[in-house]
Amino acid sequence: MYGETEPAAAASERTAFRQAEKKYKLYKLPSTKGRGRKKPIGGGVGDLSEVVDFHALLAGGVELPAGICRCDCPGFDLPVFRFLDRPGFYFIPGALSTEQQGFWIRESLKTFPQPPNRTNLTALYGPIFDLLTAAKNQKVLLEVQNSDGQESNEQSNSGGKTRSINFKFVEHSKIEKGETRRSTTATTLVRKLRWSTLGLQFDWSKRNYDVSLPHNSIPDALATLAKKMAIPAMPSGVEFSPEAAIVNYYGPSDMLGGHVDDMEADWTKPIVSISLGCKCIFLLGGKTRDEVPRAMFLRSGDIVLMAGEARERFHGVPRIFTESDQQEISGLVSQLSGDDDRFILDYIHSSRININIRQVY
């Protein structure tokens, strides 16, 4: 109505960060009823001239752009880049070998979604065991009734009690014609996977860590890797202590909007962020959305650290590249070429996985 102030949502559309998201985002054509899913558009490749390519800088022969430096870190033998005007941000290109990338992709799909770890599917279906194995075997998750004829209660994603039906995986041939119970193929569920939480469990509804929820410690191999990679962002003689991790799964045309990771107690400790799968664009902005963000490519095997002041900066992923000439996953194709990895290879052709490890306290 006349005289009303402009909604905050409309105002946010004009921020510098939002404009950058729009510039790089892969949009979808409006779907026509009855004609299938929306198709991504946006662009062929678009104008990527302002996107920083740290792999090109590492290869040499290219002068470092103004405001970017390469630094040597005592006790750390991998190349590290920084932005001079964004202290606390560290970029480690090609930190993981192709073999390591393949290992962590397998773990992200096979082990990390296993209960007691929670995923975005937990609130709908309860704990789901062996999802990847079920998908490989083309099984179906079917609604079932308890042996006592009573419905069970599972904890909701916020830790409270909620009415829930049990589900179990069955062979597709076991589903009778006219079946009225809810069912979903395991393959579909893998594609719907958007996050899983390791270690201390994050409560998305309250935006904090719920220490009362059942959880396992961060896997030893992941903790060891995180401690090693965190060295450039840690004070000399101080060791990073991994206590939680959030694994994000991106499908075609998915994006992660600008946000700040501020739920941990000590922001001087870094978030260790591991990229796997398809290449993406990462935006690193300022302490408000009005500051123009820097755009950079993240490829499979790259690691980013955000500590101190960098923890206060808005950041996000407006686009992943699933086009065959833009994915840059040829090394993974050979690494995941075995029969047992066939499903995983098909998945990673159009997906990106991000593992970000945190010290909570």
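**Exercise 1. How many helices and strands does the secondary structure of the chain come to?**

Before we start, remember that this is a predicted model, where local features need pLDDT of at least 70, side-chain atom pairs count only at pLDDT 80 or more, and totals for chains, interfaces and linings use all residues. Residues are numbered from 1 along each chain as its sequence is written, and side-chain values use heavy atoms, leaving out hydrogens and water.

*Solution.* Helices are DSSP runs of H or I with at least four residues, and strands are runs of E with at least two, numbered from the N terminus. The chain has 10 helices and 20 strands.

**Exercise 2. Is Ser 196 buried or exposed? Place this residue in the chain.**

*Solution.* Step one: find Ser 196 in strand S10, which covers residues 195–199. Step two: its relative accessibility is 0%, so Ser 196 counts as buried (under 20% relative accessible area; exposed is over 50%, partly exposed in between, with a 1.4 Å probe and protein chains only). Step three: look at the side chain of Ser 196, which makes a polar contact of 3.1 Å with the side chain of Tyr 249. A polar contact is a pair of N or O atoms within 3.5 Å; within protein, one must be able to donate a hydrogen and the other to accept it, and residues adjacent in sequence count only if both atoms are side-chain atoms.

**Exercise 3. Now try Ser 49: is this residue buried or exposed?**

*Solution.* Start with the loop between helix H2 (16–24) and helix H3 (54–59), where Ser 49 lies. With 60% relative accessibility, Ser 49 counts as exposed. Its side chain forms a polar contact of 2.7 Å with the side chain of Asp 47.
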